[in-house]
Amino acid sequence: MGSMGADLGDLDNDMLPDLIVTEMLPATEERKKTKTLFESWDKQQLAVKEGYFNQYARNALQRNLGNGSFLEVSRQASVSGTEWSWGALIFDMDNDGFKDIFVSNGIFKDLLDRDYLAYDANEEKIRNRIAQQEKNVITTLIDAMPSQAVPNAVFHNKGNFNFENTAKNWGLGTPSFSNGSAFGDLDNDGDLDLVVNNVNMPSFIYENTTDTLKNRSIRDRPYG
């Protein structure tokens, strides 16, 4: 419904590229009910009638079937909800031979908060504030938006499109308002490190401490 970041990678080692596209569906039941706006039945039916396909507020994980088609398996793979998500990275984070998924997420102002929209930013209240010539109406509305940092998402690939969120166990669960991210072997030790930029706080630089004597890597160098 509201596509954000995307990445391609072979998630099941079948030599075919799979695709993940992030969205804004929260991870927990509580935040789904308080932070998400869903289309009404009438709006959804109108969109389909006008030629749009069914739209769903969740991440899309497209498994390449190898016959020119893809199968959306985000809910089956347990990667459908990762909060207000931005970038997605597919890379092997623990050198076990399977590519994992990292999702940077968080928004500084929860502009879709249901209570905020119902009680602070409803049309009637905004009209009254403007009619009363309140100063800085827009600034007041922005300041009233809830703000809550959330952890980024890390999905450990256990094979056969079975994923487990290991952000906390892998030391990547610090709540933040993260946006862009990139990976690379920053210290040439054979595993991939991670850099994440954040809003209103320093960037994260994560050193990968995978035991590369147990989980090895291959280094190429020019011949001659």
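**From a buried serine to a paired strand**

Ser-176 sits in the loop that links β8 (163-165) to β9 (178-184). The model is predicted. Ser-176 has a relative accessible area of 0%. The cut-off for buried is under 20%, so Ser-176 counts as buried. Its side chain makes a polar contact, at 2.7 Å, with the side chain of Ser-178. Ser-178 is part of the range given for β9 (178-184).

What does Ser-176 touch, leaving aside its neighbours within four places in sequence? The list holds Asn-105, Gly-106, Ala-149, Val-150, Asn-152, Asn-198, Met-201 and Phe-204. Take two of these contacts, Gly-106 and Val-150. Gly-106 and Val-150 also line the largest cavity.

That cavity comes next. The count is one cavity of 30 Å³ or more. The volume of the largest cavity is about 30 Å³. Besides Gly-106 and Val-150, its lining includes Arg-31, Glu-83, Trp-84, Ile-107, Asp-110 and Gln-148. Sorted by class, the lining has three charged, three nonpolar and two polar residues.

Two of the lining residues, Arg-31 and Glu-83, lead on to Thr-28. Thr-28 lies in the loop between β2 (18-21) and α1 (29-35). Is Thr-28 buried, exposed or partly exposed? Its relative accessibility is 39%, so Thr-28 is partly exposed. A polar atom of the Thr-28 side chain lies 3.2 Å from the backbone nitrogen of Arg-31. Arg-31 falls in the range given for α1 (29-35). Glu-83 is 55 residues from Thr-28 in sequence. In space, the two are 8.6 Å apart, C-alpha to C-alpha.

The strand before that loop is β2 (18-21). Which strands does β2 pair with? One is β1 (residues 6-9): four bridges join β1 and β2, which run antiparallel. The other is β3 (residues 60-64), joined to β2 by three bridges, again antiparallel. Val-21 in β2 takes part in both pairings. Opposite Val-21 stands Ala-6. In β3, the bridge partner of Val-21 is Ala-60.

Last comes helix α4 (residues 123-131). At the start of α4, a side-chain oxygen of Asn-122 comes to within 3.2 Å of the backbone nitrogen of Glu-124. After α4 comes Gln-133, with a positive phi near 55 degrees.

Conventions. Residues numbered from 1 in each chain as written. Predicted model: local features only at pLDDT ≥ 70, side-chain atom pairs only at ≥ 80, totals over all residues. Heavy atoms only, no water. Helix = DSSP H or I, 4+ residues; strand = E, 2+ residues; numbered from the N terminus. Buried < 20%, exposed > 50% of the residue type's maximum accessible area, 1.4 Å probe, protein only. Polar contact = N/O pair within 3.5 Å; in protein donor to acceptor, adjacent residues only side chain to side chain. Contact = heavy atoms within 4.5 Å. 1 Å grid on protein atoms, 1.4 Å probe; cavity = no way out; pocket = protein on both sides within 12 Å on 5 of 7 lines; lining within 4 Å. Points joined across faces, edges and corners; volume = space filled by probe spheres on them. Nonpolar A, V, L, I, M, F, W, Y, C, P; charged D, E, K, R; others polar. Pairing = 2+ DSSP bridges.
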